[in-house]
Amino acid sequence: MSAGRPRLRHVQLKFPIAASPDAAWAALHSPQVLAALYGPILVVEPLGHAEEKGNLLNTAVRLRLFGLVTVGTQLIGAYDEVREQGGETVRLLRDSGIPLTGALAALDVWDHRMAVSALPDGRTLWRDRLVFGGPTSLLLWPVLWATWQWRGWRIRRLARGWDAALPETPQPRPVSPRRAPRPGRPWWRGGSGRRTRAE
């Protein structure tokens with residue numbers, strides 16, 4: 001191993017949450033959920049243009065302590081992955097951005113992966129792992145570890161409402177027997193009495 005290669009450290013979480021996999025996956029992509037994870041202690045504020053304000057997953061953000069004091073800025077660059085592991089489907093959101101200013105800017109490695117997969121009881125297994133490295137990684141490890149414990153506590157609390165916030169999938173409207181197309185016939189009579197071609 002090269003002498004100049006930084007030593008990597010990590011913090012991680014793994015626990016079940018009271019939400020379905022689809023709801024957890026939607027929450028991972030929600031700017032409101034991202035902001036709620038750290039608030040009100042740390043306010044995440046996008047620095048992009050007006051049209052980018054609604055997307056916190058691919059932009060630069062400012063981190064403000066209690067919304068008052070800026071403690072740094074960070075580039076978020078997230079993308080999705082889907083993997084099959086041991087017969088289960090695991091969906092991952094991976095952020096390979098990097099801190100730009102503030103105490104975390106001394107880190108030159110930042111790899112944050114959040115994964116969700118289904119549990120047999122309908123809940124979701126949440127996995128959250130940050131790998132980081134740099135000259136100050138040893139000093140920052142306790143800070144990031146404590147931050148991840150707070151993050152895990154917030155995720156478990158917020159997850160209780162994610163299924164209720166999940167948009168409902170539109171269901172097909174029932175078709176009355178009168179309007180239903182008859183099998184084997186290219187034409188059918190609609191309720192208005194007009195002949196209409198079946199789709």
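Start by selecting helix α1, residues 21-28, where six of the eight residues are buried. Buried here means under 20% relative accessible area, while exposed means over 50% and partly exposed is anything in between (1.4 Å probe, protein chains only). Show the side chains of P21, A23, A24, W25, A27 and L28: those are the buried residues of α1. Helices (H or I, at least four residues) and strands (E, at least two) are DSSP runs, numbered from the N terminus.

Before you click on, keep in mind that this is a predicted model: local features need pLDDT of at least 70, side-chain atom pairs count only at pLDDT 80 or more, and totals for chains, interfaces and linings use all residues. Numbering runs from 1 along each chain as its sequence is written, and side-chain values use heavy atoms, with hydrogens and water left out.

**Next stop: strand β8**

Select residues 124-133. Eight of the 10 residues in strand β8 are buried, so the rest of the structure largely encloses this strand. Now add its partners; two strands pair if DSSP finds at least two bridges between them. Strand β1 (residues 8-17) runs antiparallel to β8, joined by 10 bridges. To see the register, pick R9 and look across to F132 in β8. Strand β7 (residues 109-118) also pairs with β8 in the antiparallel sense, over 10 bridges, and there A115 sits opposite R127. Follow the chain between β7 and β8 and you trace a hairpin with five residues in between, including G122, whose phi is positive at about 95°.

**Now the charged pairs**

How many salt bridges does a search of the whole structure find? It turns up 10, counting a side-chain nitrogen of Lys or Arg within 4 Å of a carboxyl oxygen of Asp or Glu.

Take E45 and R64, whose side chains meet at 3.5 Å, N to O. This pair links distant parts of the chain, with E45 in strand β2 (residues 42-46) and R64 in strand β3 (residues 58-65), 19 residues apart. E45 is partly exposed at 25% relative accessibility, and R64 is partly exposed as well, at 23%.

Then jump to E81 and R94, where the closest N and O atoms of the salt bridge are 3.7 Å apart. E81 is in strand β4 (residues 69-85) and R94 in strand β5 (residues 88-95), so the pair ties together parts 13 residues apart in sequence. Are these two buried or exposed? Both E81 and R94 are buried.

Stay on R94 and add D111: their side chains form a salt bridge at 2.9 Å, N to O. Here the link is from D111 in strand β7 to R94 in strand β5, 17 residues apart. D111 is buried, like R94. Widen the selection to E81, R83, R94, D111 and R113, and you have one network of salt bridges that share partners.

**Last picks: R151 and a surface patch**

R151 is in helix α3 (residues 137-158). It is buried, with a relative accessible area of 2%. Which residues does R151 contact, leaving aside its neighbours within four places in sequence? Show L37, Y38, H112, M114 and D128; contact means heavy atoms within 4.5 Å.

To finish, switch to a surface view and color I41, L65, F66, L68, V69 and V71, a nonpolar patch with about 540 Å² of accessible area together. Zoom in on V71 in strand β4, which is partly exposed at 38% relative accessible area. Patches are made of residues with over 30% relative accessible area and no salt bridge: like charges are joined within 9 Å, nonpolar side chains (Val, Leu, Ile, Met, Phe, Trp, Tyr) within 5 Å. Accessible areas come from the Shrake-Rupley method with a 1.4 Å probe; for residues, only the protein chains shown count as cover.
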